[in-house]
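Work through the following exercises with the sequence and the structure side by side, and try each task before reading its solution.

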Amino acid sequence: MSILIERNTRLLTVGYIGDLPVTHSIDAMNYGTQFVGGVTPGKGGTVLSGFPVFNTVDEACKKTQANAAMIFVQPKYAADSILECIDSEIPLIICVTGGIPIRDMLKIREVLNNSSSRMIGPASSGVITPGECKVGVMPGEIYMPGKVGVVSRSGTLSYEIVYQLTKNDVGQSTCVVLGGDPVLGSDFIDVLKMFESDPATEIVVLLGEIGGNFEIEAAKWIKRNMTKPVVGYVAGSMAPKEKVMGHDGVVVVGIHDSAEKKFEILEDCTVHIVRSPDKVALKVKELLVNNSH
């Protein structure tokens, strides 16, 4: 098993025009994902790189039975595309686009709460279940199937940690990148709940960053609810205060936004913290060995 995506996922790309969306859609197909087509208003009825293009998400869903959508639409138009996916009751929406206006995302969050859809992103590099399916822009060759769930705010940090895991023969069940924007469709707790219920996941790696309180809320939830071991790392220990680092959601404003405070709270909440990214895989391997005894 896995969470969010698996070999029966049928993927639709919204904003299927231009090199980037087409390249990553075909790359997903080559990895094993069932890519079924794209949506670009005004291009309906055409074929691009061998796949049908539709004018609307609703038409595409009816024709392809898509159950996942990847959003590659420009930030100022992305909200309309996401809302169109929600109206079409697509179960999973993964938004690669970053920089969606906060006001738009607040509206989307409200609509999501009363819908049957789940959204990952914005500014997400995607979700991958190694060996089965990938939706996003991650390099599939660094992943291997296994028992470790990975959830991260940062795409590049997740790549580094996954590469270290794979080098140490530690496979992954599913890897989820939440995204780097301030308002997200799903947070750590949403994904931790799924990993907690997933029989294929034995250990979870939580990769946080400075800025916001996502990690603090997750730590409190872990202490109350999580039965599986969680290994935690927070990037940004050396970041200067009140300076945006990398993307919009990463800025230290107060003491609780800092990496050190997040490490402290995570540790108090039973998370196995690791203060250097190159030590994460070793800690996970150690816990896997202990769990097997």
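**Exercise 1: the sheet and its helix**

Describe how strand β10 pairs with strand β12, and then place both in their sheet.

Solution. In this predicted model, strand β10 (residues 145-152) and strand β12 (residues 203-209) run in the parallel sense and are joined over five bridges. Within this pairing, Gly-149 lies opposite Val-204 of β12. Helix α5 (residues 155-167) packs on the sheet, where it touches β10, β11 (172-177), β12 and β13 (230-235), and its direction makes about 165° with that of β11. The sheet itself is open, with seven strands in the order β9-β8-β11-β10-β12-β13-β14 and mixed pairing. Because β9 (133-136) and β14 (272-273) each have a single partner strand, they stand at the edges, and one side of each is left without a neighbour in the sheet.

**Exercise 2: Asp-268**

Decide whether Asp-268 is buried or exposed, and state where it is placed.

Solution. Begin with the placement: Asp-268 belongs to helix α8, which spans residues 259-268. Its relative accessible area is 52% and the cut-off for exposed is over 50%, so Asp-268 is exposed. As for distance, Asp-268 and Pro-199 are 69 residues apart in sequence, and their C-alpha atoms are 26 Å apart in space.

**Exercise 3: confidence**

Determine over which residues pLDDT stays under 50.

Solution. The protein chain averages a pLDDT of 93, and 92% of the residues score at least 70. Over residues 248-255, however, pLDDT stays under 50, although the model has 30 contacts for them beyond four places in sequence. Where pLDDT is low, the predicted coordinates should not be read in detail.

Terms used. Residues are numbered from 1 along each chain as its sequence is written. This is a predicted model: local features need pLDDT of at least 70, side-chain atom pairs count only at pLDDT 80 or more; totals for chains, interfaces and linings use all residues. Side-chain values use heavy atoms; hydrogens and water are left out. pLDDT is the predictor's confidence in each residue, from 0 to 100. Contact means heavy atoms within 4.5 Å. Helices (H or I, at least four residues) and strands (E, at least two) are DSSP runs, numbered from the N terminus. Buried means under 20% relative accessible area, exposed over 50%, partly exposed in between (1.4 Å probe, protein chains only). Two strands pair if DSSP finds at least two bridges between them. Axes are lines fitted to C-alpha atoms, for helices over the stretch in contact, and angles run from 0 to 180 degrees between N-to-C directions.
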